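The exercises below invite you to work through a structure step by step, with the sequence and the coordinates at hand. Try each task before you read the solution that follows.

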Amino acid sequence: MLNILVCVKQVPDVNLVKIDPETGSLIRAGVPAILNPHDENALEAAVQMKERYGGSVTCITMGPDQAAEALRECLAAGADRAVLLSDRAFANADTLATSYVIATAAKLLGSFDLIFCGKESLDGATGQMASQLAERFDASQLSCVLEILSLDEKSRTLTAKRELENGMETACAAWPCLMTVEKTNYRARIPNLKSWKASRKAELLSFNSRSIPGLDPEQIGDPGSPTKVPRTYPPVVGERGQMLDEGSVDRTVDKLLGLLADVL
Amino acid sequence: MASYNKLTPELARQLEGIVGASRFQYGEAVKEEYGHDEMPIYGKYLPEAVCLAESTEEVSAIMRLCSEHCVPVTVRGAGTGLVGGCVPVHGGIVLSTARMNKILSYDMKNLVVHTQPGVLLCDLAADALAHGLMYPPDPGEKTATVGGNVSTNAGGMRAVKYGVTRDYVLAMTVVLPSGEVLKLGKTVCKTSSGYSLLHLMIGSEGTLGIITELTLKLIPKPIRDVSLILPFEDIATAIASVPSIKLANLDPQSIEFMERDIVDSSAAFTGNPVFPTVVNGRAAGAYILVTLVGDSEEELTLKMDRLGEVAAEAGAFDTLVVWTDNLKKDVWAARSAFLTVIEAETKLLDEMDVVVPVDKIADFLVYTHEEADKQGVYVRSFGHAGDGNLHIYCCSNELEEDEFKRRVKLLMDACYAKCAAFEGQVSGEHSIGHAKKEYLRQSVGDTAYGIMGAIKQVFDPQGILNPGKVCHDL
């Protein structure tokens with residue numbers, strides 16, 4: 001029976017976030033929070049593994065109390081239990097401090113065979129969490145997994161197809177194994193009424209900095225975060241491209257060559 | 001028989017003087033897009049000139065000039081129509097209201113918005129929401145103008161709960177064919193004050209006057225909403241569930257139906273297969289998509305429970321809950337893409353927009369499929385199950401155009417006759433234009449059709465406004 005962990009994050013819906021032109025900071029007021037879309041795919045991969053091989057799926061997140069909503073979404077979509085790590089002392093954590101808290105708390109919950117993460121968050125988008133967590137769990141890591149082909153419980157290994165920049169590869173990894181997955185085969189499922197209702201009533205497991213034994217206060221929140229953000233600013237958008245269509249390929253190419261000649 | 005004049009260079013110069021050179025196209029400068037709408041099978045007719053008006057005064061001046069010289073004028077919004085309504089089939093000029101695209105003001109005490117007609121539906125809807133309000137009409141084509149919506153009395157997906165565009169128009173400014181400016185309606189919700197010229201104007205497809213300003217009713221936006229997908233074995237079982245859903249006292253905001261093949265196409269087109277095709281081990285052949293609104297999660301949960309029971313009794317494989325904003329966006333984007341998907345996959349296309357009693361939807365669809373098979377064209381359908389408004393697209397990628405038209409005519413003759421036998425309407429929201437005139441005449445009868453023509457004559461004795469449309473025969 002597989003013991004599976006999925007690490008998730010609640011993020012602001014960045015499609016609706018605006019950037020303050022003066023300060024360069026994100027205007028989050030009134031912007032709805034959503035489950036990080038990449039985490040939905042991670043969860044779906046985990047639930048599919050549970051359905052194929054048996055076991056249970058635990059979801060864990062660090063965030064404010066409102067992040068419980070993201071966990072309920074996970075429960076509706078097939079997770080069996082959900083864990084919220086919430087404490088003011090966790091605030092302003094960078095990825096290093098976050099991965100420390102999540103890994104320390106998760107180890108209280110048991111030993112996990114498979115760990116899934118979204119490949120990056122919609123807001124910070126550092127893409128660092130998966131690798132940091134793999135180190136902290138002492139797990140092998142497969143990123144960009146297109147499809148988990150097979151699991152072998154005897155040898156405690158799995159085989160998965162990965163998407164690379166220049167092709168694909170099939171890789172074999174030992175458990176515990178941490179994976180980030182691509183959307184193609186792991187699109188979020190729509191929960192049915194029964195599981196949705198159960199998720200709304202479910203009890204969540206909650207931990208704070210005092211209820212996680214052995215947590216080093218110097219490694220959490222602000223003190224535990226070496227990342228410094230001196231300034232944020234919106235990306236500079238380049239000039240819009242010009243579409244050329246002169247009615248025929250030859251004329252369009254001539255036009256293009258003419259324009260390039262002007263520039264070069 | 002009306003006799004129209006061609007646009008002379010001198011008249012063109014005067015029109016250009018009204019709107020300015022940058023908003024005037026004449027002769028060869030007229031862009032191709034002004035010669036058709038989104039259903040090019042009904043022919044392309046380039047206007048002699050295009051005026052992009054920006055004010056009531058400009059529209060009035062254009063109409064005075066065209067009336068004086070008996071030049072036809074066809075009004076155009078975003079050109080997203082499907083029956084050739086904005087196409088200048090008898091030449092003359094196209095008067096575009098696309099540049100009259102300002103939301104003028106909100107009256108928060110009376111819950112109304114004053115707007116120009118060229119505002120796009122999607123922009124009005126988003127702006128109203130930003131004010132904490134909702135503009136209830138929700139036609140699938142979000143890039144249509146509100147002026148176009150009023151002119152066709154568009155309905156859309158939320159009509160089952162809130163009614164259609166007509167129910168939200170309180171007042172308007174109209175320019176008559178003579179150029180005279182008329183204000184119709186008031187910012188009040190009741191009237192028992194003579195014939196309603198306002199309501200005559202709504203749905204008149206730009207044949208009686210040109211709408212240059214609108215006062216539209218808004219409502220407070222619902223506090224919570226949820227959409228639910230009900231997968232069924234086939235379309236007949238799916239449609240059969242609709243009366244029970246309506247009777248369950250849920251006051252749904254929308255009840256849409258869709259057949260599996262269009263859902264598959266939409267998934268391939270958008271790259272987002274959001275509708276599950278296999279549910280609880282069974283392949284879905286059709287879906288009902290329901291939206292419920294309420295003041296709280298508790299209220300919605302109770303409604304969902306009732307819907308779940310009704311759906312199970314009706315044979316739904318399951319009741320799937322589209323609760324999160326992300327999923328709602330994906331599901332409704334897939335639904336909104338249906339027409340675009342059909343257009344992208346089809347070389348030759350024609351459409352019907354009939355309304356039949358809800359209990360006749362399945363029979364009508366079965367009949368349409370049978371008749372289409374006879375004619376060797378294929379049909380794809382989706383629509384508003386809650387109010388019986390069906391969007392049926394007749395498609396072919398193999399036939400020559402003339403042969404396609406011939407066969408579709410036979411198919412439509414049969415289908416509109418069946419629609420009449422079911423006591424249905426020719427069009428629910430796409431209107432008549434010049435494409436469906438004959439079917440309108442058959443549906444309403446010669447007397448009613450004649451009265452419509454007489455009304456047109458009163459407003460537009462020269463017949464210069466959108467000639468040859470709805471009930472106007474030349």
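The model is predicted, and over all its chains it holds 39 salt bridges.

**Exercise 1. Find what lies on either side of the salt bridges of B:Glu10, B:Glu345 and B:Asp473, and state how far apart in sequence the partners are.**

Step 1. Begin with B:Glu10, whose side chain meets that of B:Arg13 in a salt bridge of 2.9 Å, N to O. Because the two are 3 residues apart in helix H1 (residues 9–19) of chain B, about one helical turn separates them. B:Glu10 itself counts as partly exposed, since its relative accessibility is 40%.

Step 2. Turn next to B:Glu345, which forms a salt bridge of 2.7 Å, N to O, with B:Arg380. This pair links distant parts of the chain, for B:Glu345 belongs to helix H12 of chain B and B:Arg380 to strand E19 of chain B, 35 residues apart. Is each partner buried or exposed, or something in between? B:Glu345 is partly exposed at 36% relative accessibility, whereas B:Arg380 is buried, with a relative accessible area of 4%.

Step 3. Finish with B:Asp473, whose side chain meets that of B:Arg441 at 3.1 Å, N to O. Here too distant parts of the chain are linked, with B:Asp473 in the segment after helix H16 (446–459) of chain B and B:Arg441 in helix H15 of chain B, 32 residues apart. B:Asp473 is partly exposed, with a relative accessible area of 40%, and B:Arg441 is partly exposed as well, with 26%. Both residues belong to a network of salt bridges that also links B:Lys437, B:Glu438 and B:Asp446.

**Exercise 2. Describe the open sheet of chain A and the helices that pack on it.**

Step 1. Read off the order of the 9 strands, which is E11-E10-E9-E12-E8-E1-E6-E7-E13, with mixed pairing. The edges are strand E11 (167–174) and strand E13 (205–207) of chain A, each of which pairs on one side only. Neighbouring strands of this sheet are turned by 30° against each other on average, direction ignored.

Step 2. Look at one pairing within the sheet: strand E9 (residues 140–152) and strand E10 (residues 157–164) of chain A run antiparallel and are joined by 6 bridges. In this pairing A:Val145 stands opposite A:Arg162 in E10(A).

Step 3. Add the helices. Helix H1 (residues 37–53) of chain A lies across E1, E6, E8, E9 and E12 of chain A, and runs at about 170° to E1(A). Helix H2 (residues 68–76) of chain A also packs on the sheet, where it touches E6 and E7 of chain A, and its direction makes about 165° with that of E7(A).

**Exercise 3. Characterise the interface between chain A and chain B by its contacts, its area and its charged pairs.**

Step 1. Count the residues: 18 of chain A are in contact with 23 of chain B. The area buried between the two chains is about 1,600 Å², and carbon and sulfur atoms give 56% of this area. On the side of chain A, the residues that lose the most area to chain B are A:Ile190, A:Leu193 and A:Trp196, which together make up 43% of what that side buries.

Step 2. Consider the polar part. There are 3 salt bridges between chain A and chain B, and one of them joins the side chains of B:Glu297 and A:Arg200 at 2.7 Å, N to O. The rule also finds 8 residue pairs in polar contact across the interface, both residues being at pLDDT 80 or more.

Step 3. Ask which elements of chain A supply the touching side. Strand E5 (33–35), H1, H2 and helix H5 (193–201) of chain A each supply at least two residues, and H5(A) gives the most, with 4 residues.

**Exercise 4. Locate two unusual backbone features of chain A, at A:Pro176 and A:Asn92.**

Step 1. Recall the general background, which is that most residues other than glycine have a negative phi, and that most peptide bonds are trans.

Step 2. Against this background, A:Trp175 and A:Pro176 are joined by a cis peptide bond, with omega about -10°. A:Pro176 lies in the loop between E11 and E12 of chain A.

Step 3. A:Asn92 has a positive phi, near 60°, and is found in the loop between E7 and helix H3 (95–108) of chain A. With a relative accessible area of 59%, A:Asn92 is exposed, because exposed means over 50%.

Definitions and conventions: Residues are numbered from 1 along each chain as its sequence is written. Chains are lettered from A and ligands numbered from 1 in the order in which they are written. This is a predicted model: local features need pLDDT of at least 70, side-chain atom pairs count only at pLDDT 80 or more; totals for chains, interfaces and linings use all residues. Side-chain values use heavy atoms; hydrogens and water are left out. Two strands pair if DSSP finds at least two bridges between them. Axes are lines fitted to C-alpha atoms, for helices over the stretch in contact, and angles run from 0 to 180 degrees between N-to-C directions. Contact means heavy atoms within 4.5 Å. Buried area is the accessible area (1.4 Å probe) that two parts lose on being put together, summed over both. A salt bridge is a side-chain nitrogen of Lys or Arg within 4 Å of a carboxyl oxygen of Asp or Glu. A polar contact is a pair of N or O atoms within 3.5 Å; within protein, one must be able to donate a hydrogen and the other to accept it, and residues adjacent in sequence count only if both atoms are side-chain atoms. Buried means under 20% relative accessible area, exposed over 50%, partly exposed in between (1.4 Å probe, protein chains only).
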